[in-house]
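Please open the model in your viewer and keep the sequence panel beside it. The tour below moves from one selection to the next and says what is to be found at each.

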Amino acid sequence: MSNNGRPLSPHLSIYSWPITMTTSILHRATGLGLSVGFIVLAAWLLDAAVGAEAYSAMVSYLDTTVGRVLLVGWSFAFFFHLANGVRHFVWDVGRGFEIRQANASAWFVMILAVVSTAGFWWVRT
Amino acid sequence: MSLRTPLGQVLGQGSAKDGTGHFWGQRVSGMALLVLGLWFAYSMATIPGFSHSEALAFIAPPLNAVLLLLLVASLGYHSNLGVQVVIEDYVHGHATKLVSLILSRFAHTFLAVAAAYGIIKIGLGA
């Protein structure tokens, strides 16, 4: 099949990754991450009820480098998913669908999530 | 022009006869989690520490216990709906998909009940 050298569309060499793609993927990824975090939240609450020994054992897992990285990750996932969830509510009432608006809200949500995460740990420590 | 039958338009149902239920459940539990989640994040940022006694002192007061119960209930529900969509999107094969969906629901129910049991036990001072 000859196409006389006409460009294929969309072509990888001219394809520009939209920021809205990043937020869309992150929304699902952070949602799944928070579902895993639910296991930790449930374990925290249940172990607190079981007793001091079970509780200390549980908390000692989180008080490690891996544990701390995970906790920072969960805090970011929480703030991102929450902020982007509000963005979805705005879309649900039919607003914010223009490309410029969607790009702007995507950047806003990304920045807000990073700032909120930093603020959370600044208050926490 | 719509390709749907007049009866279909009046009933407002797709071929599956439902589907908006999942959408609404996700949105309304999301609204609840917006409030409960921010409260929980604020609490985790300002709780004095994470020793066993400090944890109990946070969980036990009635208002905190009630809000925590609402949190784990909404979270379990919201998370179940979210994971359900991910499974439906990525798990292929009827049997695997069905088993995954059932296991996800069992796991979410287990976590929510386990968390609720912990909260109530602490709240009642047992």
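The stops that follow go from the overall confidence to one chain, then to a helix and a residue within it, and finally to the interface.

Before selecting anything, bear in mind that this is a predicted model, for which the predictor gives the complex an ipTM of 0.89 and a pTM of 0.89. If you colour chain B by confidence, its mean pLDDT is 93, and 93% of its residues reach 70 or more. Where pLDDT is low, the predicted coordinates should not be read in detail.

Select chain A next and show it as a cartoon: you will find 4 helices and 0 strands, arranged along the sequence in the pattern α-α-α-α. The radius of gyration of chain A is 21 Å, whereas the globule rule gives 14 Å for 125 residues, so the chain is more spread out than a compact globule. Turning to the C-alpha trace of chain A, you can follow its extent along the principal axes, which is about 75 × 35 × 25 Å. Of the 125 residues in this chain, 26% count as buried. Among the contacts in chain A with a separation of 6 or more, 74% are accounted for by residues 24 or more positions apart.

Now narrow the selection to helix α1 of chain A, residues 19–50, and place a distance between its end C-alpha atoms: they are 45 Å apart, which agrees with the 46 Å that its 32 residues should span at 1.5 Å a residue. Step just past the end of α1(A) and you reach A:G51, which takes a positive phi of about 155°.

Going back into helix α1 of chain A, pick out A:W44, which is found there. Is A:W44 buried, exposed or partly exposed? With 18 other C-beta atoms within 10 Å, A:W44 is partly exposed, because a residue counts as buried at 20 or more such atoms and as exposed at 12 or fewer. Add A:M58 to the selection, and the C-alpha atoms of A:W44 and A:M58 lie 7.0 Å apart in space, although the two are 14 residues apart in sequence.

For the last stop, show both chains and select the interface, where 26 residues of chain B are in contact with 23 residues of chain A. On the chain B side, the elements that give two or more residues are α2 (20–46), α3 (52–59), α4 (62–90) and α5 (94–123). The largest share of that side, 8 residues, comes from α5(B). Coloured by residue class, the side of chain B that touches chain A divides into 17 nonpolar, 7 polar and 2 charged residues.

Technical notes: Residues numbered from 1 in each chain as written. Chains lettered and ligands numbered in written order. Predicted model: local features only at pLDDT ≥ 70, side-chain atom pairs only at ≥ 80, totals over all residues. Expected span 1.5 Å × (residues − 1). Contact = placed C-beta atoms within 7 Å. Nonpolar A, V, L, I, M, F, W, Y, C, P; charged D, E, K, R; others polar. pLDDT = per-residue confidence, 0-100. Rg over C-alpha atoms; globule rule 2.2 N^0.38 Å.
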